[in-house]
Structure formats: structure tokens, C-alpha cells
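Work through the exercises below with the sequence and the model at hand. Each task is followed by a solution in steps.

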Amino acid sequence: MSDFLHTALLWLEQASAWLEAFWLAIVAPVGVGLAVWVTVHVAQHKRDARAAAAWTGLVWLVPFLGALLYLLLGVNRIQRRARQLTGGGIDTLESAESVAEDTVQAPQLRVLSRLVGRLTRLPLTAGNRVTMHEAREALHLMAQAVDEAQHSVFMATYIFGNDAAGKPLVEALTRAAARGVQVRVLLDGVGALYSLPSVTRRLRKGGVRVERFLHSVAPWRMPYMNLRNHRKLMIVDHTLGFTGGMNVRAGYVREPARTHDLHARLEGPVVAHLLRTFAADWMFTCGENLTAEYQGQQAPGTVRARGISAGPDADFDKRRLTLFAAIGSAEREIRIVTPYFVPDQTLMAALQLALLKGVKVELVVPRKNNLRLVQWASIHALKWLVRGGAHLYLSAPPFDHSKVMTVDGHWVQLGSGNWDARSLRLNFEFDLECYDGPLAEQVNTLIDGRIAGARRMDDADFQAMAGWRNVRNALAHMLEPYL
């Protein structure tokens, strides 16, 4: 044994001496090869030239680490299609009554409706009822709907807190499962970790079937760790839906509330679009094929609506193109409420063109953001819009996580998506577009309430800003492709 150990140690010593002499000749070609591979991959798959240049510079200036970061964070496409996953089952929307785009009351929005229809390949549905609710009320209504469920409850969310907001909903889901309701809960693999211990154990203990989207504790088994399911969906008995920007977190229900948000309660054929999206995500995650046919009333309301499912897969770029088209359709006003505003140059240019066209543009963002880097980058982007004539309002605390947009008092968009690179290119998002004057009036009233307590920031405020703050904001904005 001693001879064997002696031989092994001698071999290791020789190998170490050889590596010491030739390590640079080995490492350098490998590093260059990785950089070349990443450069070729970036050139083929990145549409944004600035993002392509940023990744290319990183992998050449920071060998190995840059390539590792690109593999973990820069590969942002998942090749999947709903029809490939389910044999076309969830693409069948026979219960979704479609309506011709020429029935949209505002003529300038008819082209927008046709465009989004071609983009999503989903019908504009008639006869929906859409009701907006503040977060606290929405959480109560969701728990109530679960308690009244008779057949099924499907829920997807990014964050499901194991806290004062999450526990009542867990209890309602547990009661539903106990009485034989088909309960399925889909949590994002990263979002589920926002609350520790995770709520998944509590759900499973209550007999609730819960899965995590793109989850793995081993990073080398998680090639898509940067791609998150940010959708917020609940469908009860294939008839009632909830969607919007609200996570399930205690900040909404505490006194006083730490976070504001908006969520919508849906009745009507557009619920089929929520079902279709949830069924695709569930099948992708665990392989179970769920029935996705709408089973409710065909015309409980008057709102024309359509779901917009976007993500780094077959639905890539649908959200950005929808926003671009909506801005271009505006003739009078555009009103945007968002917690994170760091749009790409195409959307910035579209808003600037709208201002030049004489459209009134109002933007409402939080005065104090929960993500400082995003806030600095946002202020830099907003500066140019304010100089072009946009009205910027900084909403007072608590932090406003609402995500809504209205155009010309008739078109409304609500959902999970933000105005940043992550929502536009990386996250799986779900938004709802609605064509309805009364609904737009309701949303505009909510926006007016936020503006009433906000501070207007005009060009003079930007001019008076300290120079070092301008530099900080500009440097933060350079990270826009990564935010």
C-alpha cells in the first residue's frame, strides 16, 4: 500500500508541476473558446443590440465568470408550445364567444384589436364582467370564491407568503380539497422562496396539490433560473377568474398597509384565456393535462376582453408589441401606473412620438421604490419623457405595486407585467386587454386617486437634481438590459 501511495503522490507531484508549467496554455484557449461560443450564441439569439453588446463585452472582459453568468442569466428562451404539450387540447376555445373588431366603439382602437388578435391568435371575447379591486378586498374575494368552489380551483402566483395574507387562503384551499374539489396551485420556483419556511409544505400538509415552476435546488440542473413565472391567475369552477398584479403577501393586509395593488375579478368567456394559460403552465411543470374549457355564462357583462400571455417561449415579444401598438393608437391620452418603469428604446420612442402627436401622457410611479437600482434607472428614463411634455407623478407611500394602463378612456390593460426588461423579455406574464368605456372610467378614477396623493415632478425638478444623482441614475440605466 505504501508503494501505491508513494507512486500516486509522485504522479500528482509530476502532474502539478506540468500544470504549473502549462496552465496558461490550457486555460487561455478554453477561455477564448467559451467567449467565442457565447459571442456566436449572443449574435444569433439577442434581438436587442445593446444587450448583445453588453453580454459580449462581459464574456471577453471577465473570462469564465462572464460565460457562467450568461449561461445562468442570459439564455432566455424556452422552446415550448401549448399544442406541443397537450396535443392541441388547451388551444381549443370553443366556449369563448368571439366578437368582430369593428364592434369596438372607439374607431382608432379597432386596428389595435385586430393587431392583438393576430399577435395572440385569441379571439376578442364579448359579454364579460370585469371588476377592479384593491388588494385587501381582492384577497378576501378570492378566499370566499375558494370556499364556494364546487368542482375546481386553479391558482398560479409568483409569491405566496406563509404569512397573514397567505394562511387564510391556504385554509380555504385546504377546506376545498377536503370536500373533493380539484385544487391545483402553481408557484414559481424562486418566488416560493420569498417566504421562509415556504408555504408549499403547509399546502401539501392540507392535501393541496402544489407544484413549483422551473424549480431546482441544484443550479447546474436549472438552465433557466433567470426565467420566472410572474403570472397571477385564479380560476374557480371554470367560470370565475381573478388576475392582476397582486402577489399573496402580508403587506397588503397589515394595518396600516405596506403595499397597494390592484386585482380584477372576471366573469365571462375571457376566463377561458386564463384557463388556457394555466393549463399550459401546469402541463409544462408536471405533465398533468387539465380541462381548459370555460363553463360559465356567455354574457354576464358588457366588456370586450382578451388575454395576452407573454413569455420567453412561443409567446416571446407579444407584450412589448401590444404596448407599442396601444401607444400608437392613442389620440387623446395615455395613463400608466407601474412600480417599475425601465422600458427599452422602442417603447420610449413610441411614447415620445405620442407626445409629439399631442397625446397627453401621464405616468404614476412610486415615490419610494422597493428596488433602489430600478428606481434610479427609472428616474433617468422618465427625465427624457418629462422634458418631452409627459406628466410624471410620484405616488406617496405605501409602495404601489399596481400595474394598469388606459388609452383614450376606452382601452384598459391590467395584469402582471411591468415596464422593464424582465417583464418584456424574461418573465412569463399574463395581461388582460379590455375595450369598455365604463371600465376605463373606473380605472381612471383609481388612477385619479393615486395622483391626488402624489407629487408632480417636472423638468425644473430634474434640472435642480444634484449632479452626482444624475450620474448615479445614468449609470443605473446602463444596466437596463439586465433589470
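The exercises go from the whole chain to helix 11, the backbone, the salt bridges and a surface patch.

This is a predicted model, in which local features need pLDDT of at least 70, side-chain atom pairs count only at pLDDT 80 or more, and totals for chains, interfaces and linings use all residues. Residues are numbered from 1 along each chain as its sequence is written, and side-chain values use heavy atoms, with hydrogens and water left out.

**Exercise 1. The chain as a whole**

Find the helices and strands, the buried share, the accessible surface and the share of long-range contacts in the chain.

Step 1. The chain has 16 helices and 17 strands; helices (H or I, at least four residues) and strands (E, at least two) are DSSP runs, numbered from the N terminus.

Step 2. Of the 483 residues, 55% count as buried. Buried means under 20% relative accessible area, exposed over 50%, and partly exposed in between (1.4 Å probe, protein chains only).

Step 3. The accessible surface comes to about 21100 Å², and 57% of this belongs to carbon and sulfur atoms. The areas come from the Shrake-Rupley method with a 1.4 Å probe; for residues, only the protein chains shown count as cover.

Step 4. Among contacts with a separation of 6 or more, 81% are between residues 24 or more positions apart, a contact being heavy atoms within 4.5 Å.

**Exercise 2. Helix 11**

Determine the span of helix 11, which of its residues are buried and what they pack against.

Step 1. Helix 11 covers residues 345–356, and its 12 residues reach 16 Å from the first C-alpha to the last, close to the 16 Å expected at 1.5 Å a residue. The expected span is 1.5 Å times one less than the number of residues.

Step 2. The buried residues in helix 11 are Leu347, Met348, Ala350, Leu351, Ala354 and Leu355. They lie on the same side of helix 11 because they cover an arc of only 160° around the axis, where the arc is that of the directions from the helix axis to the C-beta atoms.

Step 3. Leu353 and Leu356 are exposed, on the face turned away from the buried side of helix 11.

Step 4. The packing partners of the buried residues are helix 10 (318–329), strand 10 (333–337), strand 11 (360–366), helix 12 (372–387) and helix 13 (421–426).

Step 5. Just after helix 11, Gly358 has a positive phi of about 95°.

**Exercise 3. Backbone exceptions**

Most residues other than glycine have a negative phi, and most peptide bonds are trans. Locate exceptions to both.

Step 1. Glu255 and Pro256 are joined by a cis peptide bond with omega of about -5°; Pro256 lies in the loop between strand 6 (240–244) and strand 7 (259–260).

Step 2. Another cis peptide bond joins Pro397 and Pro398, with omega of about 10°. Pro398 is in the loop between strand 12 (391–395) and strand 13 (399–400).

Step 3. His238, not a glycine, has a positive phi of about 60°. His238 is in the loop between strand 5 (233–236) and strand 6 and is buried at a relative accessible area of 7%.

Step 4. Asp317, also not a glycine, has a positive phi of about 75°. Asp317 sits in the loop between strand 9 (303–310) and helix 10 and is buried at 8%.

**Exercise 4. Salt bridges**

How many salt bridges are found in the whole structure? Trace some that link distant parts of the chain.

Step 1. There are 19 salt bridges, each a side-chain nitrogen of Lys or Arg within 4 Å of a carboxyl oxygen of Asp or Glu.

Step 2. Glu288 pairs with Arg209, the closest N and O atoms being 3.2 Å apart. Glu288 is in the loop between helix 9 (271–286) and strand 9, while Arg209 is in strand 4 (residues 209–213), 79 residues apart.

Step 3. Both also belong to a network of salt bridges with Arg184 and Glu211.

Step 4. Glu433 and Arg306 meet at 2.8 Å, N to O. Glu433 lies in strand 16 (residues 429–435) and Arg306 in strand 9, so the pair ties together parts 127 residues apart in sequence. Glu433 and Arg306 are buried.

Step 5. For Arg319 and Asp431, the closest N and O atoms are 2.6 Å apart. Arg319 in helix 10 and Asp431 in strand 16 are 112 residues apart, and both are buried.

**Exercise 5. A nonpolar patch**

Which residues form the nonpolar patch on the surface, and which helix gives the most to it?

Step 1. The patch consists of Val32, Val36, Val40 and Trp60, with about 340 Å² of accessible area together. Patches are made of residues with over 30% relative accessible area and no salt bridge; like charges are joined within 9 Å, nonpolar side chains (Val, Leu, Ile, Met, Phe, Trp, Tyr) within 5 Å.

Step 2. Helix 1 (residues 2–45) gives the most, with three residues. Val40 is in helix 1 and counts as partly exposed because its relative accessibility is 44%.
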